[in-house]
Amino acid sequence: MMSPKEILKYSLEALNRLGAQKSQVNLTLTEKHEVNLEANEFTMVRTTFDTAIVLTAIKDNKKGTISINKSDIKSIDSAAQDVILVAEASLKDEANDIAEYQPSKVFSSGEKTPDLEMMYYRMNELVKQIKEKYPKIILIQVFLYHEFKESYFANSNGVGYVSNQGVYNFFAMFSSKDKEKTSSFNYTSFSLKDLGKELLSCGTLDILLKQLKEQTTTRPVEGKFIGDVIISPDAVNDILDFLTRSLSDNAIISGTSIYKNKLEKQIASSLLTVYSHPVSEEIYNGYFVTKDGYEAKNITIIDKGVLKNFLLSLYGSKKTGLKYAYNDGGAFVIEKGETALDDMIKLVKKGILLMRFSGGYPSDSGDFSGVAKNSYLIEDGKIKYPISETMISGNIAEMLMNIQAISKEQINFGWQVLPWISVKGVTISGK
Amino acid sequence: MKTIDLYQYKELFSAYTELRVQENTELNITFVDGNITKNSQSSTSGVSSRTYLNGSWGFASHAEISEEAIKKVIKEATDNAKFLDAKVNKRKGPLPSRVAHVEKDFSTKKARLTQKELIDFLKEIDEMITRKYHNLTSRRIILNTLDIEKNLLTSDGSYLKAMIPRTFIHISLSLIKDGEPVTVFDAYGGRGQFEDVFSSPSDFEEKIDELYRHLVNKSEGVLPDPGMKTCIIDAEIAGVLAHEAIGHTVEADLVLGGSVAAGKIGQEVASPLISIVDFANTCFGETCPVPVYIDDEGTEVKDAILIENGVLKGYMHNKESAQYFGVEPTGNARAYLFSDEPLIRMRNTAILPGNDTLEKMIESIDDGYYLVKASNGQADTTSEFMFGVRLGYEIKNGKLGRAIKDTTISGVAFDVLKTVTMVSNDMKWESSGWCGKKQPMTVGMGGPAIKCQINIGGR
């Protein structure tokens with residue numbers, strides 16, 4: 001049986017022998033241990049071992065990619081032959097390329113071996129705490145898993161990286177039941193370096209559970225109005241998804257991004273600064289090497305409202321002539337503001353505290369609409385009542401320009417770090 | 001997929017155990033404005049085992065499919081079940097079972113096309129678009145294929161060997177109108193491998209003409225007036241209503257998780273015009289888009305009647321939820337990858353057709369919307385659902401009016417379905433999307449056009 005480095009060497013040689021002028025190989029070995037809960041009961045312990053090899057070949061500027069999850073010689077030989085055929089079938093494109101030479105490096109983070117007893121202990125502790133503190137809560141689905149990934153990257157330009165990453169990941173979805181009345185479900189997730197802290201104290205879990213117990217009685221807002229929306233850290237993701245989509249290859253290459261000509265221009269309020277920090281102490285589930293085989297860099301995407309970087313791949317960069325990001329996106333950090341959340345609420349004349357957004361994908365222009373879930377009506381600076389059957393709509397690009405305040409408080413989810421954001425000018429409609 | 005005699009490992013099962021070997025094979029070719037931005041194939045295969053001990057499950061999987069790996073996953077799954085059983089000691093009895101032996105293969109019998117021939121097929125569609133339409137800002141053509149091969153043996157005697165493929169070509173057209181990008185897209189295809197689903201690029205000519213017509217209409221479209229409106233949900237997307245509005249709330253695990261459908265069996269929850277069924281594999285004599293014959297717990301499937309003439313009739317079950325509710329399992333336990341455990345998932349969820357025609361339904365509305373294509377959707381424990389609408393038209397005085405821009409509709413399913421006053425006599429299936437619930441899953445969604453009151457987003 002070959003070692004991971006021998007597998008990489010063998011694969012590159014096979015691709016070279018078969019005629020690839022440029023080639024790259026990515027091998028990832030993953031071991032995962034997971035404890036599961038459903039409907040407040042422990043249900044399953046799960047262990048998975050997986051292998052992933054991605055072979056990329058470029059021949060005469062034509063590119064092909066094959067992914068398999070076997071690392072024996074026969075499978076690699078077969079995949080190498082197939083990827084050459086896939087590449088030969090493609091179209092010539094001079095933007096197809098691989099990373100330039102960089103010195104080899106080994107990166108490490110987190111624990112290699114899971115503490116299964118501690119995983120069970122923390123989950124059991126959570127169940128007991130919720131039973132005592134929030135007896136109406138039903139944990140619909142909860143899982144805590146430890147994942148250890150050994151990733152090896154090599155290409156025909158001599159690049160050679162190794163990353164060893166161990167991380168605990170937690171996901172919970174829950175609802176609240178009071179006799180016949182039921183709440184909307186809510187959910188959250190976070191990543192942890194270790195299990196030193198109780199789960200209830202991590203991310204927004206306690207905040208959401210506390211709110212949910214009072215959400216079995218809701219009512220729609222009355223009529224339609226233009227108001228303010230305070231977006232919770234869990235709901236900020238919807239904005240980040242739109243930004244990612246609009247700043248990445250497909251939208252920039254095709255010209256459908258509203259930000260295609262906006263580099264170094266103001267695209268948001270000067271209160272907003274957004275980073276992608278895949279390599280930082282506060283992000284436990286980041287990455288050290290980009291998919292293209294460059295050492296990942298922390299970048300600023302928006303600096304005081306000004307667009308500083310696209311999220312282009314090597315292909316996207318060469319295709320458009322714009323700068324390569326040295327970053328695959330994700331691991332977002334939004335800089336905290338100067339206003340306390342309580343004060344942000346006090347500043348709202350009429351609006352909502354948006355805890356979860358359930359909506360259709362925003363259009364390319366940023367128009368969005370959807371339901372404000374697990375959310376609250378705010379009037380005259382006070383939270384009034386939990387709402388249901390209330391829709392919000394607006395335009396994300398306009399919303400970014402209309403940011404009024406960003407909270408002092410930040411939530412570290414372990415995979416991103418986000419504050420509350422208050423925006424004005426959103427259409428809110430109830431019954 | 002590598003053929004393995006699973007029966008040789010049966011003696012290693014020390015408690016109720018499932019042993020599954022599976023391979024998911026995918027292909028993706030993406031053209032963006034004539035450039036191939038993705039040209040890839042992937043294969044994910046391996047073996048998994050799941051063991052049940054007094055109410056606790058243990059699961060293990062390995063990417064290697066060898067005697068050593070199979071023995072290892074059976075042992076690891078058993079050890080995991082023992083670990084949990086020692087902690088929680090649920091003392092639950094044996095699971096119900098309905099065993100069967102099924103072999104099904106939907107592979108094409110035709111010669112397979114090469115990657116080059118597939119690329120040429122897409123290139124021809126791309127060239128057709130550029131030849132006909134010169135004002136597009138961007139065009140995107142994506143071919144996605146997925147073959148799922150499974151081989152399952154359970155300790156209570158069920159056996160499955162199946163190969164279920166699906167193939168879709170997604171086409172997206174964009175133009176810039178008044179400085180704003182406008183996009184329409186659609187998916188074409190269904191169950192089967194490429195050779196059985198598509199025959200010639202020229203078959204796309206009418207589809208592209210229709211898509212372009214919608215693009216031009218949408219570029220001149222308006223944002224809807226938000227609020228409660230009378231709408232016709234077209235047959236193409238009524239299945240999304242069946243899936244999001246009702247389907248998820250009657251998955252037995254969500255019922256146990258607090259769904260509003262708990263305790264409502266036998267109650268009227270919709271108009272008597274509404275009947276909803278989660279079909280296992282066959283609907284009105286035709287094979288469904290995502291046929292399931294034995295689920296991943298080895299249960300011989302049966303159709304799950306969810307709502308009959310407006311009355312809630314039942315939930316979708318796996319073995320464990322069936323045991324809890326004291327009913328028969330329906331065969332809804334499905335796993336996506338070899339390394340995934342089976343969860344309660346929908347199969348082919350559909351609203352049954354009625355007696356009206358779409359034309360009469362449109363004529364019956366003075367002021368409302370006709371909603372034609374959907375994007376993503378989400379359900380809730382309260383049955384308050386939503387889904388995105390990426391194509392629709394105003395209805396004014398019984399006639400179709402201007403197109404509308406992207407929007408979202410929402411409502412409380414048990415309220416919305418009580419407002420249904422007309423149901424069309426035809427039925428369409430949609431199966432290009434994914435359902436997400438810990439794991440992705442292929443599902444079929446079907447139905448006729450529905451006239452109802454629903455909340456629409458807009459400005």
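**Two chains and their strands**

Q: What is the count of salt bridges between chain B and chain A?
A: This is a predicted model, so the atoms discussed here come from a prediction. One pair to look up in it is E117(A) with K87(B), a salt bridge across the two chains. Between chain B and chain A, the full count of salt bridges is ten.

Q: How far apart are the closest N and O atoms of the salt bridge of E117(A) with K87(B)?
A: A salt bridge here needs a Lys or Arg side-chain nitrogen within 4 Å of an Asp or Glu carboxyl oxygen. For E117(A) and K87(B), the closest N and O atoms are separated by 2.6 Å.

Q: Which strand of chain B gives the largest share of the side that touches chain A?
A: Polar contacts are part of this interface too: 45 residue pairs are found across it, both residues at pLDDT 80 or more. On the chain B side, eleven residues come from one element spanning residues 35-53, and this largest share belongs to strand β2 of chain B.

Q: How do the residues of the side of chain B that touches chain A divide into nonpolar, polar and charged?
A: Chain B brings 84 residues to the contact, and chain A brings 77. The chain B side divides into nonpolar, polar and charged residues as 26, 38 and 20.

Q: About how much area do chain B and chain A bury between them?
A: Carbon and sulfur atoms carry 53% of the buried area. The total that chain B and chain A bury between them is about 6,400 Å².

Q: Which residue is the bridge partner of R46(A) in β3(B)?
A: The two chains also meet through strand pairing: β2 of chain A (residues 41-59) and β3 of chain B (residues 56-62) run parallel over six bridges. Within β3(B), R46(A) is bridged to F59(B).

Q: Why does chain A, with 431 residues, agree with a compact globule?
A: Chain A holds nine helices and 21 strands, and its C-alpha trace spans about 70 × 55 × 35 Å along the principal axes. A compact globule of 431 residues would have a radius of gyration near 22 Å, and chain A agrees with that because its own value is 24 Å.

Q: What radius of gyration does chain B have?
A: Chain B has nine helices and 26 strands. The globule rule gives 23 Å for its 459 residues, and chain B is close to that, so it is as compact as a globular protein of that length, with a radius of gyration of 24 Å.

Q: Which strands of chain B stand at the edges, each with a single partner strand?
A: Chain B has an open six-stranded sheet with mixed pairing, ordered β13-β12-β9-β16-β25-β22. A strand with a single partner has one side left without a neighbour in the sheet, so the edges are β13 (311-312) and β22 (428-430).

Q: Which residue is the bridge partner of N348(B) in β25(B)?
A: Strands β16 (residues 348-351) and β25 (residues 444-447) of chain B run parallel and are joined by three bridges. In β25(B), N348(B) is bridged to G444(B).

Q: Which residue in the turn between β17(A) and β18(A) has a positive phi?
A: Four bridges join β17(A) to β18 (residues 382-386) of chain A in the antiparallel sense, with L377(A) bridged to Y385(A). These strands form a hairpin with two residues between them, and the turn residue with a positive phi of about 50° is D380(A).

Note on methods. Residues numbered from 1 in each chain as written. Chains lettered and ligands numbered in written order. Heavy atoms only, no water. Contact = heavy atoms within 4.5 Å. Buried area = accessible area lost by both parts, 1.4 Å probe. Polar contact = N/O pair within 3.5 Å; in protein donor to acceptor, adjacent residues only side chain to side chain. Nonpolar A, V, L, I, M, F, W, Y, C, P; charged D, E, K, R; others polar. Pairing = 2+ DSSP bridges. Rg over C-alpha atoms; globule rule 2.2 N^0.38 Å.
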